[in-house]
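Q: Can we go through this structure together? I'd like to take the DNA and then the two protein chains.
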Number of protein chains: 2
Amino acid sequence: MNDKYDCLKLENQLCFPLYVASKEIIRRYKPFLDKLDLTYTQYIAMMVMWEKKSLKVTELCKCLFLDTGTVSPLIRKLKSKGYIELSRSKEDERIQIVTITDKGEVLKEEAVDIPSKMINSKCMNLSKEDAENLYRILYSIIQQD
Amino acid sequence: MNDKYDCLKLENQLCFPLYVASKEIIRRYKPFLDKLDLTYTQYIAMMVMWEKKSLKVTELCKCLFLDTGTVSPLIRKLKSKGYIELSRSKEDERIQIVTITDKGEVLKEEAVDIPSKMINSKCMNLSKEDAENLYRILYSIIQQD
DNA sequence: CTGCAATATATTGTGTACAATATAATTGTA
DNA sequence: TACAATTATATTGTACACAATATATTGCAG
């Protein structure tokens, strides 16, 4: 029962469960992020801000693997919420610097429980070994090119 | 150098590489799908159609792990391209039946090379073991709830 | 020092995603 | 048998995601 079209079956794809699992995990974050009035994309952007405090828009794009068409409105949104500020670089007028605000730092305190809540609610209930393997394999895919 | 905010670092997330790898793989499909004038979502929908030939809209949603808000316009699009047809169920007037057309079957012939091209172009260059582990782990995430 | 390539960012257009809501048909039930 | 609950699908609203294009600034080659 093996024919040349088997390769086009959904169950034989690796890309498909990757795509579904990604959306599924983001969906499972939603209840926790809703409490902070953050979307998933805004959440990962804030993770970068919490760690870096201040960086160029291009650097933020690179950290998030997102292009300016996505990041530009994202920055507008986070600025309107008061979590970040924008300023122009003195040396190069083209460059925008994104900087976290005090309000953004306060948000960090509210967010710090999310990762443990995700684990406790069994949102991604993997063995230590599977989690480590998944992490390694995913980064090996991302870094290929 | 271990503090309570480490859990909020992007590099310590499992969700983030999952989200990035998913988008990355879809991006790598793009050159191949562009030749057929298909988006990734349209491609996986056609995979279901090639296999099932005919099914209810609800079933298509379930196969793809997508809701009607996504699938409704997707069906309109594939219908406008002539790959599928729509009809109402006789027994239950609410139910729409999606059926593949001859043109849709022809498209299958053009698509059948895509999976091997993806492998040959090293778009997801994993060892057999890593690929199998990834597949298993991803489905274990999807099926949790 | 001038024009042109490169860089940084923003905008536009198309296509998802999904929650929430709406609507119509069907089913179960008092 | 009316009618409430359920089911199937569509629509609306918000937020990505990215390719393509536009614009402004900078750097560099001649």
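A: Start with B:Lys77. An N or O atom in its side chain is 3.0 Å from a phosphate oxygen of DNA strand C. A polar contact means a pair of N or O atoms within 3.5 Å; within protein, one must be able to donate a hydrogen and the other to accept it, and residues adjacent in sequence count only if both atoms are side-chain atoms.

Q: Anything I should know about the model and the numbering?
A: This is a predicted model: local features need pLDDT of at least 70, side-chain atom pairs count only at pLDDT 80 or more, and totals for chains, interfaces and linings use all residues. Residues are numbered from 1 along each chain as its sequence is written, chains are lettered from A and ligands numbered from 1 in the order in which they are written, and side-chain values use heavy atoms, with hydrogens and water left out.

Q: How far is the side chain of A:Ser72 from a phosphate oxygen of DNA strand C?
A: The distance is 2.6 Å, to an N or O atom of that side chain. A:Gln96 uses a backbone N or O atom, also 2.6 Å from a phosphate oxygen of the strand.

Q: How many residues surround DNA strand C?
A: There are 26, and A:Tyr19, A:Thr58 and A:Arg94 are among the closest. Near means that a heavy atom of the residue lies within 4 Å.

Q: Which part of the strand do they meet, bases or sugar and phosphate?
A: Of the strand's atoms within 4 Å of the protein, 75% belong to sugar or phosphate. The rest belong to bases.

Q: What classes of residue make up that surface?
A: Five are nonpolar, 10 polar and 11 charged. Ala, Val, Leu, Ile, Met, Phe, Trp, Tyr, Cys and Pro count as nonpolar, Asp, Glu, Lys and Arg as charged, and the others, Gly among them, as polar.

Q: New topic. How many residues of chain B are in contact with chain A?
A: 57 residues of chain B contact 57 of chain A. Contact means heavy atoms within 4.5 Å.

Q: What area do the chains bury between them?
A: About 5,700 Å², with 69% of it on carbon and sulfur atoms. Buried area is the accessible area (1.4 Å probe) that two parts lose on being put together, summed over both.

Q: How many salt bridges are there between the chains?
A: Four. One pairs B:Lys4 with A:Glu109, their closest N and O atoms being 3.4 Å apart. A salt bridge is a side-chain nitrogen of Lys or Arg within 4 Å of a carboxyl oxygen of Asp or Glu.
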